[in-house]
Amino acid sequence: MNGLSEKIFFSALALFTAGCAKNPYTQVQIAYGRGKYYDEMGKIELACPRMRGGGETPAGEYRIGLDVCYGELPDKKSENTFSTEVPILGIKKTISVHGRTKQTMTKLSPIVEYKLGSLKANLPTDVPAEIGLRVPGYKDAELSVWAGTGYNIDLIVGLTDYKAGSNTMGGIPSIDAGGQFFWELSQELLLLGRFPLGTSARIDHNGDANFFFSGGYRISW
């Protein structure tokens, strides 16, 4: 574990040992991203609900959460040839079976993030406070940089249709699972302490990169 990963880990550990944090919050976002490259369709598109909970501890500001991403993969095609022979008559017949598998991927990504730094400022007006939009403890605009680490759990679900001559058999299910560790660097603009807008770059230990744009809502407790 490198130094940055250790810092993130111990920030999360402070949550469990202290049991509480200063200025706790929960935020929910919807993210759009582009995932692993496939020759048939380029980068696959990912739609991701994102959930985060965090706060400030003596070790720094942390948050933990989960991304649930969904995307469609290119169809997979297969062809197998089988030969049959009737011994007495000496008749030999070859049958070709064609398969087409429709695939979807669900990516579950638990993550721990640590705030590296931020810039904060209020708008040059008291209107947000007068109409109740300014959240106590927050500036009107806060630009932060976060570093995160986590683990991707990839679930690929397939439905295969087989065709042999005029005969068909469809809807044969299959599932494949895999996983990899990842690291993420993100920047987030928090407006009025309520509306987080962000971009992030994520790379896993296989070298695959993912880029996300996200927006949502934060509730402070």
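This briefing covers the fold, salt bridges, second largest pocket, nonpolar patch and backbone details of one protein chain. The model is predicted. The chain has two helices and eight strands. Of its 221 residues, 33% count as buried. The structure holds twelve salt bridges, and a nonpolar surface patch covers about 860 Å².

**Fold**

- Along the sequence, the elements follow the pattern α-β-β-β-β-α-β-β-β-β.
- Strand E1 spans residues 22–38, and strand E2 spans residues 42–57.
- Strand E3 covers 60–86, strand E4 covers 91–121 and strand E5 covers 141–164.
- Strand E6 runs over 167–191, strand E7 over 195–204 and strand E8 over 209–220.

**Salt bridges**

- Side chains of opposite charge can pair when their charged atoms come close.
- A network of salt bridges links Arg50, Arg52, Arg63, Asp67, Glu113, Glu184, Glu188, Arg202 and Arg218.
- Arg50 and Asp67 meet through their side chains, with an N to O distance of 3.1 Å. Arg50 sits in strand E2 and Asp67 in strand E3, so this salt bridge ties together parts that are 17 residues apart in sequence.
- Arg50 has a relative accessible area of 5%, which is under the 20% cut-off, so Arg50 is buried.
- Asp67 is buried too, with a relative accessible area of 0%.
- Asp67 also forms a salt bridge with Arg52, where the closest N and O atoms are 2.8 Å apart. Arg52 belongs to strand E2 and Asp67 to strand E3, so the pair joins parts that are 15 residues apart in sequence.
- Arg52 and Asp67 are both buried.
- Glu188 pairs with Arg63 in a salt bridge, with the closest N and O atoms 3.2 Å apart. Glu188 lies in strand E6 and Arg63 in strand E3, so this contact ties together parts that are 125 residues apart in sequence.
- Both residues of that pair, Glu188 and Arg63, are buried.

**Second largest pocket**

- The second largest pocket has a volume of about 210 Å³.
- Its lining has 14 residues. Those nearest the centre of the pocket are Lys76, Thr101, Gln103, Thr160 and Ser174.
- Strands E3, E4, E5 and E6 each supply at least two residues of the lining.
- Strand E5 gives the largest share of the lining, with five residues.
- By residue class, the lining has four nonpolar, seven polar and three charged residues.

**Nonpolar surface patch**

- Five leucines contribute to the patch: Leu119, Leu143, Leu189, Leu191 and Leu197.
- Phe195, Tyr217, Ile219 and Trp221 also help to make the patch.
- Strands E6, E7 and E8 are the elements that give two or more residues to it.
- Leu197, one of the patch residues, lies in strand E7.
- Leu197 has 41% relative accessibility and so counts as partly exposed, because partly exposed residues fall between the 20% and 50% cut-offs.

**Backbone and sequence-distant contacts**

- Asn23 has a positive phi, near 50°, although it is not a glycine.
- Asn23 lies in strand E1. Its relative accessible area is 33%, so Asn23 is partly exposed.
- Pro24 also belongs to strand E1. At 28% relative accessibility, Pro24 counts as partly exposed.
- Pro24 and Gly53 are 29 residues apart in sequence, with 7.4 Å between their C-alpha atoms.
- Leu192 is another residue other than glycine with a positive phi, near 55°.
- Leu192 is found in the loop between E6 and E7. With 15% relative accessibility, Leu192 counts as buried.

Methods:
Residues are numbered from 1 along each chain as its sequence is written. This is a predicted model: local features need pLDDT of at least 70, side-chain atom pairs count only at pLDDT 80 or more; totals for chains, interfaces and linings use all residues. Side-chain values use heavy atoms; hydrogens and water are left out. Patches are made of residues with over 30% relative accessible area and no salt bridge: like charges are joined within 9 Å, nonpolar side chains (Val, Leu, Ile, Met, Phe, Trp, Tyr) within 5 Å. Accessible areas come from the Shrake-Rupley method with a 1.4 Å probe; for residues, only the protein chains shown count as cover. A salt bridge is a side-chain nitrogen of Lys or Arg within 4 Å of a carboxyl oxygen of Asp or Glu. Helices (H or I, at least four residues) and strands (E, at least two) are DSSP runs, numbered from the N terminus. Buried means under 20% relative accessible area, exposed over 50%, partly exposed in between (1.4 Å probe, protein chains only). On a 1 Å grid over the protein atoms alone, a cavity is a set of points where a 1.4 Å probe fits but cannot get out, and a pocket is an open set with protein on both sides within 12 Å along at least five of seven lines; lining residues have an atom within 4 Å of a point. Grid points are joined across faces, edges and corners, and a volume is the space filled by probe spheres set on the points. Ala, Val, Leu, Ile, Met, Phe, Trp, Tyr, Cys and Pro count as nonpolar, Asp, Glu, Lys and Arg as charged, and the others, Gly among them, as polar.
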